[in-house]
Amino acid sequence: MKMSTSIRQLLLVVMCLFGLNASAQFSASLKQGPTTDWSNVGAQFKLTDVAEALGTDTATLVAQLSDMANTKVFAVIDSTGTVNGYTGNTGEFWLTQTGQVCAFADGAWFVGQNFDEENNIFNVYVGQKPSLFTVTTDLNVKAALVVGEKTVTFDIAYRVYVPEVPAPELAISKLQIVGESSVSIEQYPRTGYDTDNVYVKLNDVANKLGCDKDELPFIINKIAHMPRLDATYGIMTDSLVVYTTNDGWMKRALSSTGDPLWACGNNGYENTDNLYLQKLAYNADNDTLSCTIGQYPNVLKVGDKPYVDIYLVYGSKAYKVTYTVNIVEAPYNGIEDMTKVGDSTITVNQDIKTDYSYTSIHPNMEVIAAALGVDASNISMQAMDSNNSLSSNATANNGGFWLTQGGTITGWGTGAYWFVEPAAQNNFSDIHVGQYPDATHSEDTARTNLYFVAGEKYYRLTVILAINKSKEVDQQGFESVLNRTLNIQALPGNYEWSTVDCGISVDDINAAIGTTDPTLYALISDTLRKAQPDTYPESMIYTKIYNMNPAPGFWVDKDGKSRGWVSDEQSPWGMYIKTEDNKVKFYAMQFAADPAGTAYSGQFFLVNEENGKMVTVTLNYQVVSKIENITVVGTTDIMLPVGDIDQEVDFDFAPVAEALGTDVNTLFANYPLVGMTASGIYSNGVDPVNAGLMFDKSGACNNEGGIFGLNISEDYTKFITFANNYEELGENFSIPATIGFKVTDENEQTKLYVVNITFMSPDGYATGVNNIKVNAKNDGKIYDLSGRQISKPAHGLYIMNGKKYMVK
C-alpha cells in the first residue's frame with residue numbers, strides 16, 4: 001500500500017524515524033515555522049514496532065487503519081479522557097493550544113496520521129491553522145492507537161518557531177537584488193490539479209540576505225513573495241505579495257498594449273489562471289529551495305512557457321528565483337500493443353443531482369487480478385485522456401477521474417460531467433460514481449472505459465451512467481396524512497452523525513401514504529431562495545435537491561430549512577435518512593461542536609410522489625452533556641376535540657401500560673406525563689390526572705403559558721381536553737402535538753410511549769370521525785373514535801364497517 005494522504009497535502013519538513021522505548025510508548029519532538037497553508041510536519045515510527053506494542057500483527061493493524069472512519073482506532077488523550085470522535089478529516093483532530101480536542105472553529109492546530117505499509121512507516125503529523133501563530137509557541141499532544149484492550153501512545157512535542165524578520169520592502173524597483181537562481185521544468189498539458197516537485201540550487205542565499213541560515217527554513221513562508229497583477233487591467237505591478245496569497249495561483253500578465261506575456265503574477269483563483277506554486281521549503285543542509293508547481297486544468301497548450309519570479313525578501317534585500325514551465329507534448333500511450341485479458345460492464349442509474357453524492361459500484365477485483373496474473377496491490381486504474389492515451393493522471397479523489405460526458409479525463413470545473421473515484425486510495429473494489437452538480441439532464445447517458453493495468457496487460461471495465469427521466473411532481477397537491485415527531489440527542493462534536501435509533505416503521509409509512517420507498521423533501525430557507533432564484537423559484541414549496549452527503553439529506557438553517565453547507569451560523573446542523581431494519585431512520589449532525597443545551601428543530605417530509613400523500617416529520621435535535629437512555633416502546637396517532645367546554649374521549653390505556661411494563665393503575669399513580677416543547681425536548685413530567693399538560697397555539701407543550709390542555713380522567717379511561725382561551729384557537733383549527741407516557745426503572749432505564757395528537761375543533765373532529773366511517777365502510781377493520789385501527793378491542797365504543805358498536 002502506498003502512503004495514504006490527507007485532504008491537506010502533506011509537507012513533511014521533519015523526516016526522522018523514531019523507535020520504540022522501553023515502556024512500549026512513542027515520543028517525538030517536531031519543529032515548524034509559521035505557515036500560511038495546511039502544510040505539516042511528521043514523526044515517523046516503524047509500523048512493525050507499533051503493531052508489536054499493540055500485541056497484534058502488521059496486517060491486522062493495517063486493516064484497522066485502512067477503515068479509520070469505522071474503527072476509529074486513532075485517538076487523542078486529553079483532560080477529558082480518550083477521544084476518538086474526529087473533529088477534522090477522518091483520522092484527524094483539531095486541538096486548542098492546551099491540547100484539548102475541539103471543533104475546527106476553536107482549533108489552533110491539528111494532529112493526524114497516515115501509514116506506508118511497503119516502507120514500514122506509521123506517521124503522526126501535526127500542523128497549524130494558517131496564519132495564526134505570530135510568536136514562538138510550544139504545543140503538546142498525546143495521540144494514541146487503541147486496538148481492543150491495548151493502547152499505544154504517541155507523545156508529540158511541537159514547537160512553532162517564529163524568528164524575528166525585518167519588515168520587507170514590497171516595491172520591486174526599490175529592492176537590492178543580491179543573488180539569482182533559475183530552474184526550467186517540462187510538463188504536459190494537465191487535465192487535473194496534480195503537481196510536480198521542483199528543486200532549485202541557491203547560491204549562499206542566507207549569507208547574501210544577511211540572515212541566519214538555520215532560521216531560514218522557519219521564515220521561508222514569510223519572506224517569499226511574487227509579483228502582483230493589477231486586478232483591473234491584468235498588467236504587472238511594481239509591488240509584491242506573499243506568495244501564498246490566493247493560494248499561490250497566478251496567470252500571465254498583459255503588456256501595456258494588452259498582449260499576453262509569459263511572465264506571471266499573483267491572481268485570484270479563476271479559470272483564466274495558468275499555474276500555481278505552493279509548499280516552498282528551504283533545506284539548509286544543501287542550500288536548496290523546493291516547491292510544488294501545477295496547472296489550471298485545460299488552459300496551457302503545447303509550446304507555452306510561462307514563468308514566475310519568486311523574491312526572497314529580507315528587509316530591502318532580495319534573492320530572486322525564476323521558475324519556467326515549458327509545456328511539451330505528452331507521449332502517446334495507447335493500448336494497441338497491450339493484451340486485453342477481460343472486460344465487463346456496470347450500469348449506474350441516477351436521478352439528476354445537484355450535489356456530489358454518489359453510487360458505489362463494486363468491481364470484482366479478485367477476478368480482475370486473476371485475469372491479469374498479479375496481486376491486486378500491483379494494479380493501477382487508468383482512463384483515456386483527450387489525446388486518446390492511457391493515463392493515471394488523477395483529477396479526482398483517491399486516484400480517480402473527473403470525466404467528460406464522452407468519458408475522457410478532464411478536471412473539475414468547466415467541461416466536467418461526472419466522476420469515478422475509489423472510496424480509498426488503491427481500493428478498486430469500491431468505486432464511487434457521481435455527477436458534476438447541474439451538469440446532467442433527463443435521460444442523458446455517459447460512458448467511460450476504466451483500464452485496470454498490470455505491465456502490458458489490461459482489463460477493461462465499461463461504466464455507464466444513465467440519468468433517469470425526470471418526474472413532473474405537483475407540489476401544490478401534496479397532502480400530509482400523518483404527523484410524526486422524532487427526537488435525536490447527541491453529544492457536542494462537529495461532523496459526527498448521531499447514533500441513537502430514531503425512525504419510523506416502513507409498514508406505518510406504507511399504510512399512511514402507500515409506498516415503502518418515500519422521497520425525502522425539506523422546506524427552503526429564504527436565504528437559499530434569494531441566492532438561487534432560478535433553482536428555487538417562489539412556486540417551489542419543498543425541495544428534494546439534496547446538499548448533504550450521504551444523500552438523501554440536507555444541511556439546514558436553525559429552523560430546519562435547506563441551506564446547503566455554508567457555515568456554523570448559516571447551516572448549523574444537517575440530516576439524512578436511510579432505510580434499514582424495516583425503518584426509515586433519521587440521522588443528524590452538528591456543523592460545529594455546539595454546547596450542551598443547544599436545540600434545533602425542523603420539518604421534513606416523506607412523500608409518495610405518485611399520489612402526493614406525505615408523512616410530516618418534526619425532527620428535534622438536541623445537544624446534551626449526557627445521552628438519556630430512552631427506549632420508545634410504542635406510538636399511537638389520535639385525534640382529540642378541543643371546545644369551549646371540556647371534551648371527553650374514551651381511550652384504552654391498557655396497551656400503553658403493557659408496552660411500558662406496568663399496569664394502568666400503577667402507570668397513572670406513579671409515573672409522569674410529558675409533552676414536546678417548542679425547543680424539541682420533552683417537558684418536565686406532570687401528574688397526568690391532577691395536573692395535565694398545557695399547549696400553545698402551535699401545539700408545543702407550554703405548561704406556564706399554554707392556552708389549552710389535556711389530562712386523564714380519574715377512572716383512567718378518558719382523555720379530557722379543555723381551553724382557557726378557546727377564541728384564540730380560531731375556527732376549524734387542526735394542531736399537531738406530541739405527548740409521552742414515561743416510565744423510568746431502578747436502573748435508570750427509561751421507556752417512553754409516544755402519542756401523536758391532532759387537536760381539532762369539535763366540528764373538525766366530528767368530520768374526521770365521519771371520514772373514518774366512510775373510509776372504513778365494509779373493510780372489516782376496527783377503529784376507535786379517535787381513528788386508530790384496533791386489532792384487539794377492549795371494553796368501549798368502536799367503529800367497524802361504518803357503524804358504531806359497544807364492547808362490554
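A residue counts as buried when its relative accessible area is under 20%, as exposed when this value is over 50%, and as partly exposed in between. Keep these cut-offs in mind for the views below, which all come from a predicted model.

**View 1. Helix 5 is largely enclosed by the rest of the structure.**
This helix covers residues 216-223. Which of its residues are buried? They are Leu216, Phe218, Ile219, Ile220, Asn221 and Ile223. That makes six of the eight residues of helix 5, which is why the helix is described as largely enclosed.

**View 2. Five strands line up in an open sheet.**
Read across the sheet, the strands come in the order 2-11-10-4-5, and their pairing is mixed. Strand 2 (26-32) and strand 5 (81-83) stand at the edges; each has a single partner strand, so one side of each is left without a neighbour in the sheet. On average, neighbouring strands here are turned by 30° against each other, with direction ignored.

**View 3. At one end of the sheet, strand 4 meets strand 5.**
How do these two strands run? Strand 4 (residues 74-78) and strand 5 are antiparallel, and three bridges join them. To find one of these places for yourself, look for Asp78, whose bridge partner in strand 5 is Gly81.

**View 4. A salt bridge joins Asp155 and Lys142.**
The closest N and O atoms of this pair are 2.6 Å apart. Asp155 belongs to strand 11 (residues 150-160) and Lys142 to strand 10 (residues 137-147), so the pair ties together parts that are 13 residues apart in sequence. Are the two residues buried or partly exposed? Asp155 is partly exposed, at 31% relative accessibility, and Lys142 is partly exposed with a value of 31% too. As a general point, side chains of opposite charge can pair when their charged atoms come close.

**View 5. Lys340 and Asp343 form another salt bridge.**
Here the closest N and O atoms lie 3.2 Å apart. Lys340 has a relative accessible area of 39%, so it counts as partly exposed. Asp343 is partly exposed as well, at 39%.

**View 6. A salt bridge between Asp650 and Lys718 links distant parts of the chain.**
In this pair, the closest N and O atoms are 3.9 Å apart. Asp650 sits in strand 42 (residues 647-650) and Lys718 in strand 46 (residues 718-723), with the two positions 68 residues apart in sequence numbering. Asp650 is partly exposed, with a relative accessible area of 39%. Elsewhere, Arg190, Asp194 and Asp196 are joined into one network by salt bridges that share partners. How many salt bridges does the structure hold? The count is 14.

**View 7. Tyr269, Tyr356 and Trp412 make a nonpolar surface patch.**
The patch measures about 300 Å². One of its members, Trp412, is found in the loop between strand 27 (409-410) and strand 28 (418-422). With a relative accessible area of 32%, Trp412 is partly exposed.

**View 8. Thr677 is buried in a loop.**
The loop in question runs between strand 43 (673-675) and strand 44 (693-695). Thr677 has a relative accessible area of 19%, so it falls under the cut-off for buried. Which residues does Thr677 touch, leaving aside its neighbours within four places in sequence? Its contacts are Tyr682, Ser683, Ala700 and Cys701.

Definitions and conventions
Residues numbered from 1 in each chain as written. Predicted model: local features only at pLDDT ≥ 70, side-chain atom pairs only at ≥ 80, totals over all residues. Heavy atoms only, no water. Pairing = 2+ DSSP bridges. Helix = DSSP H or I, 4+ residues; strand = E, 2+ residues; numbered from the N terminus. Axes fitted to C-alpha atoms, helices over the stretch in contact; angles between N-to-C directions. Patch = residues over 30% accessible without salt bridge, like charges linked within 9 Å, V, L, I, M, F, W, Y side chains within 5 Å. Areas by Shrake-Rupley, 256 points an atom, 1.4 Å probe, with all protein chains shown as cover. Salt bridge = Lys/Arg side-chain N within 4 Å of Asp/Glu carboxyl O. Buried < 20%, exposed > 50% of the residue type's maximum accessible area, 1.4 Å probe, protein only. Contact = heavy atoms within 4.5 Å.
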